[in-house]
Amino acid sequence: MGKYIVKRILLMFLTLFIIMTMCFILIKLLPLPAIREMGRDVNLILAKREQMGYNRPLLVQYFLFLRSIILYWDWGVGEQMYEALSVWGVLTTKLPYTVMVNLYSILLSIPLGLIFGIYAALKKNRWQDHVISTLVILFISVPSYVYAFIVQYLFCYKLGWFPLTVESLESAGFFSLRMIRSMMPAILSLGFGVIAGLTRYTRAELSEVLTSEFMLLARTKGLTKAQATSRHALRNAMVVILPMIIGEFIGILGGSLIIEKIFSIPGVGSLYITSINVRDYNFFMALTVFYTTIGLVSSIMIDISYGLIDPRIRMGSRK
Amino acid sequence: MSNNMNMTNFPKEKFQFAQKDERLHDVKFETKAIGYFKDAWMRFRKNKSAVVAAVFIVLLLLFAIIVPFVSNYDVQFRDGYYRTVLPKSKTFAQFGFWDGSKTHRESQAGYDYFRAIGVETGREVVKKITDETKDAAGITYYTLKVDSYAKVGFVYVNLTADGFQKLQEYQNETGIQVIYPLQESYRVNYVMGNMGANLWYKLADPRSTSDGRALFDENGNFMHNYMTTANKNHAGYDSLRLPNDTGGEDGESWFVYGQRNQSGYKVRVDYYEYFKYTNGFEPIFLFGTNAHGQDIFTCLAAGARLSFLLAITVSLINFTLGAIYGAIEGYYGGVTDMIMERIAEVLGSVPFIVVATLFQMHLAKRVGVLGSLLFAFVLVGWVGMAARVRMQFYRFKRQEYVLAARTLGASDRRIILKHIFPNAIGTIITGSVLAIPGVIFSESMLSYLNIINLETSSLTSVGTMLANGQGYLNTFPHMIFFPALFISILEISFNLFGNGLRDAFNPSLRGADE
């Protein structure tokens, strides 16, 4: 198992390195954004660009870029937005919003998804199951931005339950009621899809386990249905469900670009969109690496957690 | 008992040939063999929800294909006055809904304004007064159902001498009055849209501080405030006139229907009729219009067409690329597989949004926005398809029948194409179909986020429509409602249809639910 993990992590770094290199070259091949001359000294900016090595060969630039990251964790400074502020610094101030919205929505969704899924599996092929399954298909298919529009229209405009914009961290803090209330529309919009996905997954897994033979054995040895379900069926179903939840948890860093835009949440997603629109390549590069890393890490964590949760699945252990 | 006793000696004549004339042999099946696709079709047909979904998909496709041809409007159509009008259907309007009306809360002045338009055009603007309240200061407020088409009322247009003449001829021919007298509105400060072309009635307080309430005569009717011939620069007019206008025969009330200015004639027209005159059809927008005055029905169909076209192209290309790549990987295995897997994994790990952005920045100028988007989808889209095909190849390549084929001397190409590939076809078709809603969703998301910009004068996309409508979500939700509804139905249908296909192409489910 240890060997497998190490191998996977090394491969991850290799993949990340290749993607970083490709993106860096592609970004550097783009023309530099024009200097806005209003109230600036053009020569100063040109000199600054020269000093930062923008006119040197690509590979040298890449080497410098990697060196500053590895030695000083320096991802450059903003050039078109957040001027002269460190990219990493800005990113870390934006991250809490993204994490918070997604964390709350997952914390809300996981119990609900599990409950609906378990209920549907226990009532399989009865009307309760059919209702839940139909709703799941509906909710899984409809894109999250459609929920966002509905939630915004209904709860923010018509009923006025929630404010239109998210409170700032400085004024409201992480766990205040005001903060949660202002984030509620985004949390809800994100939640529907996650709940539906988890319900479908749980139902499929659990209903498969429920029909297996060890469940019959559990009942014959005298366990009640509730006992057999909670002690045997659920534990076995969790082997597959838990990795999915873990994957979701890492995915929350990535957040949802579209939800952040609709509810104007000042998170990483908005930062990314702005960096594209104003052509700030340092931010764009850093965020590309950020998103890629999240994707890679979450897929590794899913694979590894299978092995950790269930000793029967130890991939590569015998190789 | 006695019968059993006689078992040993049956009389010979009791025996009979069961079969004498024909020779017995295996009878060939009368029925036709059920092939792979027929089998799938039989199973698919039983899945009611998938069939319904397929019907919906066909309807949406027809909508996207046919509507741009038959619609009165096109994407380029923009109307400056019928902006943000609400959805209206001629059939349903009779029953009191889908009639393009919107609830307004107005003061006395606003109520007068709408009512006056109705009086002058003869088309009801205020459909219903649902509520009448007085606030603390004693001012009355009305809650009205206002026809968003009729409330446009009158506008000023500048016509050339020729155009003015033609419009008069049109009036004479059809007997429909388009041109209405100009009004003495220079002293009115109360202007509400359309540059005050709708203030034909006398106001209670004509000073600049007017609150806009109307002045009524003793019968409670509006009193007109038309410009008369006392004003100079009036143009010659020889066509339909208002009933109370004698055309100067009594030397008194002679209203001015056109006023000369630098470029031609300033004319006040009933916009509903004028629209019919210029466009040749009635202004009815089935799904309403957006803030540019574009017909949402037509734009949606055009956007849907673009989305479908993009998605189907992407799906076909990825289908081909993925199948070839996956087949090579899966069939040869070993080092080939390892290297190709690595490449696929690297490409698959780049977030799609990054790929789309980079392609947009690099290629949009050279191959166009749509082209670069297509490249982005193709670059990363085939990875999933290749993985699926690869798995199928791993499953089937070690089977005995493949070994048999190889022993008989079949080439690699023949084994891949004739023996293994047909086994993967179900997975591939399902994958391709399920890829279509994914592409449409990504496209709408990217254009919503303004990472790609598909909006030109003659092009639009569903995502663009959503993005344009977002600012009006509170006031004109119909702008977002229809694109969102379209994309929701599309995603649901494709998911159900794809699930149905997946089950249909899975022979192990044969007869499972009988």
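Domain bounds here come from an automatic or database domain assignment. On that basis chain A is divided into domain 1 (2–72) and domain 2 (94–318). Please keep in mind as you read that this is a predicted model.

**The fold of chain A**

Let us begin with the overall picture. Chain A has 13 helices and 0 strands, and read along the sequence it follows the pattern α-α-α-α-α-α-α-α-α-α-α-α-α. Its C-alpha atoms fill a box of roughly 85 × 60 × 30 Å, taken along the principal axes. Of the 319 residues of chain A, 45% count as buried. As for contacts in chain A with a separation of 6 or more, 71% of them come from residues 24 or more positions apart.

**Where the two domains meet**

Measuring from centre to centre over C-alpha atoms, 34 Å separate domain 1 of chain A and domain 2 of chain A. The two domains do touch: 18 residues of domain 1 are in contact with 17 residues of domain 2. Between them they bury about 1600 Å², with 80% of that area on carbon and sulfur atoms.

Polar links across this boundary can be listed briefly. The count between domain 1 and domain 2 is 1 salt bridge. A:Asp303 and A:Arg8 have side chains that meet in a salt bridge, at 2.5 Å from N to O. The rule also finds 2 residue pairs in polar contact across the interface of the two domains, both residues of each pair being at pLDDT 80 or more. On the domain 1 side that touches domain 2, helix 1 (residues 2–28) of chain A gives the most, with 12 residues. That side of domain 1 divides by class into 16 nonpolar, 1 polar and 1 charged residues.

**Where chain A meets chain B**

Now for the contact between the chains, which takes 39 residues from chain A and 33 residues from chain B. Together the two chains bury about 3300 Å², 76% of it on carbon and sulfur atoms. Three residues deserve a look here: A:Ser141, A:Tyr145 and A:Phe149 supply 17% of the area that chain A buries against chain B, more than any other three residues.

Between chain A and chain B the count is 0 salt bridges, while 6 residue pairs are in polar contact (both at pLDDT 80 or more). Several helices of chain A each supply at least two residues of the side that touches chain B, namely helix 1, helix 5 (127–141), helix 6 (144–158), helix 11 (257–262), helix 12 (268–277) and helix 13 (281–309). Helix 1 of chain A gives the most to this side, with 8 residues. By class, the side of chain A that touches chain B has 29 nonpolar, 6 polar and 4 charged residues.

Here are the buried areas of the two interfaces in one place.

| Interface | Buried area | Share on carbon and sulfur atoms |
|---|---|---|
| Domain 1 of chain A and domain 2 of chain A | about 1600 Å² | 80% |
| Chain A and chain B | about 3300 Å² | 76% |

**A buried aspartate in helix 5**

One residue makes a good closing stop. A:Asp129 is found in helix 5 of chain A. A:Asp129 counts as buried because its relative accessibility is 1%, and buried means under 20%. Leaving aside residues up to four places away in sequence, A:Asp129 touches A:Ala120, A:Lys123, A:Lys124 and A:Arg203.

How values were computed
Residues are numbered from 1 along each chain as its sequence is written. Chains are lettered from A and ligands numbered from 1 in the order in which they are written. This is a predicted model: local features need pLDDT of at least 70, side-chain atom pairs count only at pLDDT 80 or more; totals for chains, interfaces and linings use all residues. Side-chain values use heavy atoms; hydrogens and water are left out. Contact means heavy atoms within 4.5 Å. Buried area is the accessible area (1.4 Å probe) that two parts lose on being put together, summed over both. A salt bridge is a side-chain nitrogen of Lys or Arg within 4 Å of a carboxyl oxygen of Asp or Glu. A polar contact is a pair of N or O atoms within 3.5 Å; within protein, one must be able to donate a hydrogen and the other to accept it, and residues adjacent in sequence count only if both atoms are side-chain atoms. Helices (H or I, at least four residues) and strands (E, at least two) are DSSP runs, numbered from the N terminus. Ala, Val, Leu, Ile, Met, Phe, Trp, Tyr, Cys and Pro count as nonpolar, Asp, Glu, Lys and Arg as charged, and the others, Gly among them, as polar. Buried means under 20% relative accessible area, exposed over 50%, partly exposed in between (1.4 Å probe, protein chains only).
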